Structure formats: structure tokens, C-alpha cells
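Q: I am new to this structure. Please take a close look at one part of it, and then at some other places along the chain.

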Amino acid sequence: MQIHTYDTVIVGAGGAGMRAAIEATRRSRTAVLTKLYPTRSHTGAAQGGMAAALANVEDDNWEWHTFDTVKGGDYLVDQDAAEILAKEAIDSVLDLEKMGLPFNRTAEGRIDQRRFGGHSRNHGEAPVRRSCYAADRTGHMILQTLYQNCVKEGVEFFNEFYVLDLLLNDVAGVRSTAGVVAYELATGELHVFRAKAVVFASGGNGKFYKVSSNAHTLTGDGQAAAFRRGLPLEDMEFFQFHPTGIWKMGILLTEGARGEGGILRNKDGERFMERYAPVMKDLASRDVVSRAIYTEIREGRGCGPEGDHVHLDLTHLPPEQLDAKLPDITEFARTYLGIEPYTDPVPIQPTAHYAMGGIPTNVLGEVLADNTRVVPGLYAAGEVACVSVHGANRLGTNSLLDINVFGRRAGIAAAEYAAGADLVELPPEPARFVADEVARMRDSTGSERVTDIRRALQETMDRNAMVFRTEQTLKEALEDITALRRRYRNVSVQDKGRRYNTDLLEALELGNLLELAEVLVVSALARKESRGGHYREDYPNRDDVNFMRHTMAYRERDAEGNESIRLDYKPVVITRYQPQERTY
């Protein structure tokens with residue numbers, strides 16, 4: 001075991017982690033730990049754009065953006081956070097431009113903007129062009145730009161270091177941050193990183209679904225580490241399903257395709273979104289569009305012999321427009337489906353995409369120990385966190401905005417905290433938990449295989465906890481997950497080596513996924529209403545009287561060591577927008 005000491009440690013090198021690192025490294029000695037090479041992080045898969053009310057193409061302002069964010073989140077958004085997001089969006093885009101990001105341009109040379117789902121002018125009057133974009137590679141360009149600026153700033157990276165535990169210790173009766181424990185993939189060695197401040201920016205957890213846009217690495221490592229240490233997870237029942245994933249594969253086809261004029265059609269060629277969202281049509285919020293697609297399928301208007309998908313029609317758009325604005329997704333259609341999007345509609349279905357919930361934070365990125373108290377020295381930003389700026393449903397393009405606005409804020413706050421803090425003593429045997437887990441997995445002779453359990457988990461989540469949910473389906477999912485967690489105790493890995501043992505890492509990741517899937521299902525069972533990305537067919541209406549509140553889930557153990565999940569709640573911050581019926 002090696003011990004390293006830094007002022008600030010950042011876990012994750014996607015957009016949020018590297019945006020935090022740029023700020024933190026200017027103010028403190030900073031290390032970035034990442035289980036991937038930084039430019040392989042999942043931010044690079046984001047396609048369509050980053051929202052900001054620049055008004056470069058048509059009239060817009062940050063207050064409209066704030067309202068759209070609150071409305072899109074079905075009024076579960078903390079409105080103070082939404083105001084910060086929309087206000088600071090403009091400078092965030094301009095900061096990236098100054099760093100060298102190659103945005104698409106208007107004829108006048110300004111940053112170009114296009115339409116995206118749920119973004120409107122004058123509080124829902126009509127769609128607005130708010131998404132700043134770099135073709136359909138915006139996330140890729142952001143990731144490359146941030147990495148280049150991290151290199152310029154001298155950020156110290158520890159690549160392929162997989163963080164498996166959060167270290168906390170008491171200081172005057174308050175649990176405070178002491179550091180993290182990481183597994184080095186190249187050697188199999190454990191490393192303890194002492195730090196005055198730790199920022200989790202480790203991304204999402206969508207790989208507990210089978211049909212998912214998420215990379216294989218999005219396994220909720222940060223959420224699970226915090227949860228195991230007794231910290232809460234907020235609003236985990238809210239998971240977004242992106243309307244346009246490639247049929248049966250889940251590979252994302254950007255909402256920007258509909259922003260450029262793409263149309264969703266059923267088997268009859270009908271533009272069916274006119275019936276569900278007469279004003280915004282194909283650019284309604286993602287939860288509305290995903291439910292509409294599955295309603296079409298369930299009512300017999302799906303496409304193909306099995307009737308299990310609908311079509312994204314781009315054939316009416318000029319080929320030169322597709323080549324200039326959507327080069328990647330048109331190539332995806334050719335590569336994965338053998339379809340020419342110039343002439344043929346593309347088969348699509350909703351795909352598991354984004355976790356609205358996560359580690360609860362305030363607007364500075366400070367992690368909450370409960371409804372009011374923060375954990376000294378602990379921060380989170382990006383998809384791992386819940387500010388909550390996305391509420392029950394995130395608007396497209398607000399994710400790339402979130403990582404830049406709150407990644408920057410968390411990096412600054414963490415470094416400033418470190419400047420005035422002392423190192424917290426490490427707990428006794430700081431690497432013991434990780435060492436025991438690694439040894440148990442590597443030395444196990446159990447009969448269960450990681451792939452079998454992961455496949456069963458993904459199948460039950462797809463079947464029982466996707467776009468439509470009921471008490472019956474959620475209880476079935478919970479029973480399945482409970483059984484799979486018992487099987488997981490008997491899991492073993494075939495590779496017993498130390499160097500680049502990806503079998504071992506996948507086994508550890510599976511433990512995280514099982515843990516977080518259980519939190520999602522338990523939280524969803526308790527929320528007896530439909531709101532945003534959480535749709536209960538047995539409770540189809542939103543219930544503001546009983547459920548205008550954030551879910552806070554805690555892992556608890558009784559005297560015999562039995563684990564359970566306790567749910568608590570905290571109020572939604574409402575500043576200027578009172579909840580109302582959501583129509584598009």
C-alpha cells in the first residue's frame with residue numbers, strides 16, 4: 001500500500017472532474033484519479049450541445065432558461081440551483097470558447113445555436129434556439145478542450161486508478177473527509193490518497209439497464225462509495241430514458257437531430273408527437289417523448305414486424321445539412337443498422353440515459369450528510385451529484401452545462417476549503433475494506449459468474465423499472481435484486497492475476513450496480529405518484545401534496561449486521577415558479 005498526500009483530490013476525469021481540476025490546481029496541490037484515460041470519459045459521448053441563453057440566433061434570456069429547467073424537471077428542481085445554472089451558462093460557454101472549443105458558427109461568426117427538447121421562448125410560447133454545439137460531437141470537443149487546458153495548467157493525473165472507498169474520520173464529533181482508496185489497474189496495488197478536500201466527479205450508473213446509452217464503465221462508483229459510508233443518495237428513483245436510442249442497441253442518436261428538423265413517425269407515417277405535445281411536438285421534454293413512443297408501441301402503432309420501435313425520419317432534410325450538423329449519428333445509422341439516413345427512416349426506441357439523482361450537494365458542491373449538515377471537505381459535481389438542478393427530468397443540453405457550471409464551483413470551493421484546513425487523520429487500517437473485498441473476489445472459488453448476475457440484473461431492470469412502472473413490477477424487481485445480491489456473495493473471477501485484472505474490476509462494479517439498483521427500486525416504490533422520469537401507471541398523476549419533496553435514501557445496519565434502506569425526505573427549494581400543470 002502506498003500513501004500519497006494532496007490538498008485536493010478529484011475522482012473522475014470527465015467534464016465535471018476536469019473543469020473542477022482546472023480551478024482547483026490554480027489554488028491548491030491537486031491530483032485527479034480516473035479509472036479511464038481522461039479523453040475516454042463518457043462526457044465524450046454527449047452529442048447535441050450545451051444550453052446557454054446567448055441570444056445569438058433569436059431572442060432569449062436566462063430567466064426563460066430557468067423556467068424551462070424547472071418545468072422540465074416537473075417542479076422538483078431546486079430553483080436557486082436552476083437560477084445559478086441558467087445565469088452562469090453564458091460565461092461557461094464563453095469560457096470554453098476562450099479555451100479553444102470549436103463551436104459551430106453563424107454566418108456572422110457568432111456561436112451558432114439550435115433547438116432542443118423543452119427549451120422555449122417566453123415560458124413555453126414556442127421552441128427556442130438555445131443549444132450551443134459543435135456538430136454532433138459537442139461532448140467530445142468539450143472533453144478534448146478541458147483535457148488540453150488541464151495539461152496547460154499542469155494538472156497531475158493518476159490514470160487507471162479505480163477509487164473504491166471514501167475515507168472519513170471524526171473531527172470534534174463531526175465526520176470529516178480524510179481521503180480515498182484507489183486500486184491501480186496496472187499493478188493491482190492499493191493506494192491511499194490523503195487529502196484535505198475530495199471532489200467526486202465519477203459519473204452515472206446506467207449500466208444496471210440493458211438497453212442503455214451509457215458506457216460499460218458507468219457503474220455508480222462514487223454514489224456507491226458514499227452510500228456505503230452512511231451518506232445519503234437523493235432522488236435515485238428518477239432516471240431518464242432518452243427517446244432516440246438505436247433500436248435494440250441503445251446507442252444514442254442526439255436530440256439535435258430533432259432540433260435540426262427530424263420527425264418521429266409511427267408505422268402509419270404519422271407525426272404522432274402532435275397528439276402528445278401540440279406546441280413543442282418532437283421537442284417536448286424527454287420523459288414526455290419517451291412515454292409517447294412506448295404508448296404508440298403498446299397501442300399497436302409501432303414499426304417493424306414486431307412493432308417494437310418507431311422511426312426517426314431525417315429524409316426530408318438536405319444531405320448537406322445532415323453532413324454539416326449531424327455527421328456522427330448518420331454514420332451510426334449506416335454502421336450499426338445498414339441504413340442510409342438520406343433516404344430511409346432510422347429505427348429508434350428509448351434508451352436508459354441519465355441519473356437525475358445522486359450524492360446530494362448544495363450549490364457550492366458541498367456534499368450533504370443529511371438534510372442540512374455538510375461533510376467537511378467533501379464535494380461532488382456532474383452526474384454523480386444531485387444539486388438538484390434536474391429535478392425529476394433533465395432537459396437536453398443541461399448536462400454539459402451542469403458539469404461546467406457546478407464542476408467549476410466545486411473545484412473552487414474544494415481548493416478554498418483546503419487552503420484553510422488541516423489534514424484529517426486517516427482511520428485505522430485505511431485500506432482494509434478494499435483489501436478484503438479484492439482478496440475475497442480474487443480468491444473466491446464460488447460458482448457464480450459476474451456476467452450471469454449482471455445480465456439478470458439488467459433484464460429485470462429493463463422489464464420492471466423502465467419508462468412505465470407499477471407496484472407489482474417494482475416489487476418483482478426488488479425480489480430479483482435481493483436474490484441477485486445473495487448470489488453475488490458467491491461470485492468468483494476467472495482471472496486471479498494482479499496486472500490489468502478487468503475481471504476483478506467488473507466484479508467490484510457489479511456490487512455497486514446491485515446496491516444502486518436496489519436504492520432506485522425502493523425509492524420508486526415509496527413514491528406513489530408520477531413525476532418526470534418516474535411514471536407509475538398505478539398512480540398516473542403528480543401529487544404535490546404528498547410528494548413535492550426530495551427522497552433521501554440511507555443504508556443502515558441493525559445490531560445483527562442486517563442491511564436495510566431507510567428513506568427520509570427534504571423540501572424542494574421554490575423561489576419564483578409555483579408548481580403548475582406541465583404541458584408542451
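A: The answer begins with a pocket, goes on to two helices at its lining, and then turns to other places in the chain.

The model is predicted: local features need pLDDT of at least 70, side-chain atom pairs count only at pLDDT 80 or more, and totals for chains, interfaces and linings use all residues. Residues are numbered from 1 along each chain as its sequence is written, and side-chain values use heavy atoms, with hydrogens and water left out.

The part chosen is the second largest pocket, which holds about 690 Å³ of space. A pocket is found on a 1 Å grid over the protein atoms alone, as an open set of points where a 1.4 Å probe fits, with protein on both sides within 12 Å along at least five of seven lines. Grid points are joined across faces, edges and corners, and the volume is the space filled by probe spheres set on the points. Lining residues have an atom within 4 Å of a point. For this pocket there are 23 of them, and those nearest its centre are Arg485, Tyr488, Glu515, Arg557 and Glu563.

Several elements give two or more residues to this lining: strands β7 (161-171) and β21 (549-557), along with helices α12, α14 (471-488) and α15. Helices (H or I, at least four residues) and strands (E, at least two) are DSSP runs, numbered from the N terminus. The most comes from α15, which gives 6 residues. By class, the lining has 13 charged, 6 nonpolar and 4 polar residues. Here Asp, Glu, Lys and Arg count as charged; Ala, Val, Leu, Ile, Met, Phe, Trp, Tyr, Cys and Pro as nonpolar; and the others, Gly among them, as polar.

Two of the lining helices also meet each other. Helix α12 covers residues 432-443 and helix α15 residues 502-526; their axes come within 10 Å and cross at roughly 115 degrees. The axes are lines fitted to C-alpha atoms over the stretch in contact, and angles run from 0 to 180 degrees between N-to-C directions. The crossing is right-handed, where right-handed means that the near helix is turned clockwise from the far one by less than a right angle, and left-handed means anticlockwise. In α12 the residues at the meeting are Glu437, Val438, Met441 and Arg442, and in α15 they are Leu504, Ala507 and Leu508. Contact here means heavy atoms within 4.5 Å. This meeting has 5 nonpolar, 2 charged and no polar residues. An α-helix has 3.6 residues a turn, so residues three or four places apart point the same way.

Away from the pocket, Arg449 sits in strand β19 (residues 448-449). Arg449 touches Val491, Ser492 and Gln494, not counting residues up to four places away in sequence. Because its relative accessibility is 32%, Arg449 counts as partly exposed. The cut-offs are under 20% for buried and over 50% for exposed, with partly exposed in between (1.4 Å probe, protein chains only).

Ile10, in strand β1 (residues 2-11), is buried because its relative accessible area is 0%. Beyond four places in sequence, its contacts include Gly17, Ala24, Val32 and Val199. Ile10 and Gly411 are 401 residues apart along the chain, yet their C-alpha atoms are separated by 8.5 Å.

Ile142 lies in helix α4 (residues 138-153), and at 0% relative accessibility it counts as buried. Leaving aside neighbours within four places, Ile142 is in contact with Met50, Leu96, Leu101, Leu400 and Asn404. Helix α5 (residues 221-228) is mostly covered, with 7 of its 8 residues buried.

The backbone has some details worth finding by eye. Most residues other than glycine have a negative phi, and most peptide bonds are trans. Asp74, not a glycine, has a positive phi of about 55 degrees; it is found in the loop between α2 (62-72) and α3 (79-99). Glu160 has a positive phi of about 60 degrees and is not a glycine either. Its place is the loop between β6 (156-159) and β7, and β7 is one of the elements that line the pocket. Asp74 is buried at 6% relative accessible area, whereas Glu160 is partly exposed at 26%. A cis peptide bond, with omega about 5 degrees, joins Val387 and Ser388, and Ser388 is in the loop between β18 (385-386) and α11 (398-419).
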